[in-house]
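Open your viewer and get ready to click along. We will take one stop after another, and at each one you will learn what to select and what is there.

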Amino acid sequence: VQNRFAFEKCIQSIKRLSESQKNTNSLSVINIDLDDFKSINDTFGHKEGDKALKHFAKLLVKIFPANCVFRYGGDEFIIISSANKILSQKLVNKLLSEVCQFNLTKMKPYSINFSYGITTCSLSDANINTILSDCDNLMYVQKKYKKIAK
């Protein structure tokens with residue numbers, strides 16, 4: 001997956017595109033954060049935490065093009081694509097299935113789980129700061145509901 005620097009370059013390109021033309025193409029941003037990742041590090045060590053991150057990143061690029069996947073920081077990833085909201089949700093559902101399959105194998109003494117938020121708009125309407133904020137808020141709402149459900 002790409003790093004934060006590549007993400008910033010991508011954002012600048014999106015800003016230029018959205019300012020320079022009336023483009024009706026879709027822009028989807030998916031914010032993904034691993035649930036309870038700290039417990040993997042605390043229980044099994046940072047080396048194992050790194051392995052969990054790498055495995056999750058491999059699952060991400062199995063579903064999404066690698067040039068669309070960015071490690072935003074820590075255990076947070078952002079995907080930027082031209083998929084519409086319905087296709088973006090289908091792809092996230094496929095990722096959920098892949099993660100479930102990984103967890104069912106019991107290859108590791110822990111499970112990987114994640115929360116996410118999806119925001120979609122037309123490229124001409126793209127205000128990247130608002131999109132990122134909306135995505136982040138949606139992801140945290142999901143995290144909150146998961147904690148309440150426990």
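Before the first stop, one term: a residue is called buried when its relative accessible area is under 20%, exposed when it is over 50%, and partly exposed in between, using a 1.4 Å probe and protein chains only. Helices (H or I, at least four residues) and strands (E, at least two) are DSSP runs, numbered from the N terminus.

This is a predicted model, in which local features need pLDDT of at least 70 and side-chain atom pairs count only at pLDDT 80 or more, while totals for chains, interfaces and linings use all residues. Residues are numbered from 1 along each chain as its sequence is written, and side-chain values use heavy atoms, with hydrogens and water left out.

**Stop 1: the whole protein**

Show everything as a cartoon. You should find five helices and four strands, and if you follow the chain they come in the pattern α-β-α-α-β-β-α-β-α. The radius of gyration, taken over C-alpha atoms, is 16 Å, close to the 15 Å of the globule rule (2.2 Å times the number of residues to the power 0.38) for 150 residues, so the protein is as compact as a globular protein of that length. Turn the model around: the C-alpha trace spans about 50 × 30 × 20 Å along its principal axes.

How many of the 150 residues count as buried? The share is 43%. Now think about contacts, meaning heavy atoms within 4.5 Å. Among contacts with a separation of 6 or more, 75% are between residues 24 or more positions apart.

**Stop 2: strand β3**

Select residues 76–81, which form β3. Six of its six residues are buried. Show the side chains: Glu76, Ile78 and Ile80 point one way, and Phe77, Ile79 and Ser81 point the other way.

**Stop 3: the neighbours of β3**

Two strands are said to pair if DSSP finds at least two bridges between them. Add residues 69–73, strand β2, which pairs with β3 in the antiparallel sense over four bridges. Within this pairing, Gly73 has Glu76 as its bridge partner, and Phe70 stands opposite Ile78. The hairpin of β2 and β3 has two residues between the strands, and Gly74 takes a positive phi near 50° there.

Next, add residues 26–34, strand β1. Six bridges join β1 to β3, and these two strands run antiparallel. Look for Asn31, which stands opposite Ile78 in β3.

**Stop 4: strand β4**

Select residues 114–122 for β4, where eight of the nine residues are buried. Which strand pairs with β4 over nine bridges? The partner is β1, again in the antiparallel sense. To see one of these pairs, pick Ile32 and its bridge partner in β4, Tyr116.

**Stop 5: two loop residues with positive phi**

Most residues other than glycine have a negative phi. Keep that in mind for the next two selections.

First, click on Asp36, in the loop between β1 and α2 (37–44). The phi of Asp36 is positive, near 55°. Asp36 counts as partly exposed because its relative accessibility is 43%.

Then go to Lys106, in the loop between α4 (85–105) and β4. Lys106 has a positive phi near 55°. Is Lys106 buried or exposed? Its relative accessibility is 66%, so Lys106 counts as exposed.

**Stop 6: helices beside strands**

Select helix α1, residues 4–20, and find Ala6 in it. Ala6 is buried, with a relative accessible area of 15%. Draw a distance line from Ala6 to Phe70: their C-alpha atoms are 7.5 Å apart in space, although the two residues are 64 apart in sequence.

Now select helix α5, residues 128–149, and find Val141. At a relative accessible area of 40%, Val141 is partly exposed. Val141 and Gly117 are 24 residues apart in sequence, and their C-alpha atoms are 8.6 Å apart.

**Last stop: the charges**

Colour Lys and Arg as positive and Asp and Glu as negative, leaving out His and the chain ends. The protein has 22 positive and 14 negative side chains. With each charge placed at NZ of Lys, CZ of Arg, CG of Asp or CD of Glu, the centres of the two sets lie 5 Å apart.
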